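Here is a short report on a metal site, two pockets and a small sheet. Please keep the model open while reading.

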Amino acid sequence: FIESGKISAKARDHGKKMIKEGASALEIAEAVENKMRELGGKPAFPVDISIDGLAAHASPGPEDKTILQKGQLVKLDLGAHVNGKVTDTAVTVEVGTNKWAKLIEAVEKSLENVEKLIKPGTEIREIGKVISETITSYGYKPIINLSGHGIGEFEVHTAPTIPNFDNGNKEKLKEGQTIAIEPFATVGVGQVKEGKGSGIYELMNDKPTRSAQVRKVLDYIKENFNTLPFSLRWINKLPNAKFALRTLEAEGIIHQFAELPEKSNGITSQAEHSYMVGHGKLT
Ligand code: MN
Ligand code: MN
């Protein structure tokens with residue numbers, strides 16, 4: 001987990017520097033994923049580049065043409081794994097303007113304020129309470145249906161859920177637990193909804209499929225990504241990859257994540273770090 005965290009942090013900082021007016025979202029995503037590989041890790045999920053009112057789960061597909069524009073608010077969310085040990089981190093960058101500095105500060109300050117609570121015995125609701133109070137003090141709303149989470153082996157999201165508000169959960173953090181905390185702040189209503197398909201997929205229910213070509217793609221997915229999310233970009237060289245994904249999705253073998261726009265399309269910022277409880281920050 002420590003190695004994985006270092007790789008995630010370096011890849012994040014590399015990608016952050018690339019977020020500039022005129023840059024290609026696809027090029028940034030691939031550069032960040034390649035950085036993780038170069039450093040000895042693998043991407044634990046496709047790099048997300050979610051812009052403005054899109055809060056999360058927007059990952060450039062193989063033919064994505066998005067070019068970053070001045071004034072956009074870009075959330076770069078990524079994670080590496082080393083032998084399955086996943087870490088998860090995110091940063092928000094404003095492209096060429098300084099309109100949203102406070103919105104970015106609200107989420108960064110939230111993480112700073114909860115850091116001293118990340119120790120054995122802290123009630124999970126306390127973390128949510130501090131995040132919510134911090135974001136509200138800046139005049140924004142926390143997104144209440146996006147949460148931090150446990151991180152595990154070949155699992156990006158495990159128990160516990162770490163809310164961005166006081167959800168009353170008195171369960172306590174435990175020594176050695178690996179978690180990701182990710183406050184989101186918005187000028188909108190403070191919730192996300194499900195948008196269009198994201199092009200991010202995950203193995204859901206491993207069962208037989210009839211076509212040999214589709215089976216080849218399924219075998220490749222199992223061998224290379226196990227139960228971790230993956231992108232069409234990562235299997236695009238296989239014959240009939242698109243058809244295979246459609247078939248596997250229709251058969252309920254893989255699941256496609258939806259993009260998550262803020263309900264009122266409100267501009268949204270995010271910050272995220274991974275931690276090992278009692279041992280500090282991993283990313
Ligand atoms: Mn993340
Ligand atoms: Mn996360």
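## Ground rules

A residue counts as buried when its relative accessible area is under 20%. Asp-88 has 3% relative accessibility, so Asp-88 is buried. The model is predicted.

## Manganese ion, ligand 1

Which protein atoms bind the manganese ion (ligand 1) as donors? They are Asp-77 (OD), listed twice, Asp-88 (OD) and Glu-272 (OE). These donors lie 2.1 to 2.5 Å from the ion. Along the chain, their spacing reads D-x10-D-x183-E.

The site brings together distant parts of the chain. Asp-77 belongs to strand E4 (residues 73–78). Glu-272 sits in the loop between strand E17 (268–270) and strand E18 (273–276). The two residues are 195 residues apart. Asp-77 is buried at a relative accessible area of 9%. Glu-272 is buried too, at 1% relative accessibility.

## Manganese ion, ligand 2

The manganese ion (ligand 2) has the protein donors Asp-88 (OD), His-149 (NE2), Glu-182 (OE) and Glu-272 (OE). Their distances from the ion run from 2.1 to 2.2 Å. The spacing here is D-x60-H-x32-E-x89-E.

Again, distant parts of the chain are linked. Asp-88 lies in the loop between strand E6 (85–86) and strand E7 (89–94). Glu-182 lies in the loop between strand E11 (178–181) and strand E12 (184–186). These two residues are 94 residues apart. Glu-182 has a relative accessibility of 7%, so Glu-182 counts as buried.

How far apart are the manganese ion (ligand 1) and the manganese ion (ligand 2)? The distance is 3.2 Å. Asp-88 coordinates both ions. Glu-272 appears among the donors of ligand 1 and among those of ligand 2.

## The largest pocket

The largest pocket holds about 510 Å³ of space. Its lining has 29 residues. His-57, Val-156, His-157, Phe-257 and Leu-260 lie nearest the centre. Four strands each give two or more residues to this lining: E9 (148–152), E10 (155–162), E13 (197–203) and E15 (254–258).

Which element gives the most to the lining of the largest pocket? Strand E15 does, with four residues. By class, the lining has twelve nonpolar, nine polar and eight charged residues.

## The second largest pocket

The volume of the second largest pocket is about 270 Å³. Its lining has 18 residues. Ser-59, Pro-60, Gly-61, Asp-64 and Glu-259 are the ones nearest its centre.

Strand E2 (48–51) and strand E13 each give two or more residues to this lining. E13 supplies the largest share, three residues. The lining divides into eight nonpolar, seven polar and three charged residues. Strand E13 also contributes to the lining of the largest pocket.

## A three-stranded sheet

Strands E1, E5 and E6 form an open sheet in the order E1-E5-E6. The pairing is antiparallel. Which strands are at the edges? Strand E1 (42–43) and E6 are the edge strands, and each pairs on one side only.

Two bridges join strand E5 (residues 80–82) to E6. Val-82 has Lys-85, in E6, as its bridge partner. Just along the chain, the loop between E6 and E7 holds Asp-88, which coordinates both manganese ions.

Note on methods. Residues numbered from 1 in each chain as written. Chains lettered and ligands numbered in written order. Predicted model: local features only at pLDDT ≥ 70, side-chain atom pairs only at ≥ 80, totals over all residues. Heavy atoms only, no water. 1 Å grid on protein atoms, 1.4 Å probe; cavity = no way out; pocket = protein on both sides within 12 Å on 5 of 7 lines; lining within 4 Å. Points joined across faces, edges and corners; volume = space filled by probe spheres on them. Nonpolar A, V, L, I, M, F, W, Y, C, P; charged D, E, K, R; others polar. Donors = N, O, S within 2.8 Å, 3.2 Å for Na, K, Ca; no water. Buried < 20%, exposed > 50% of the residue type's maximum accessible area, 1.4 Å probe, protein only. Pairing = 2+ DSSP bridges.
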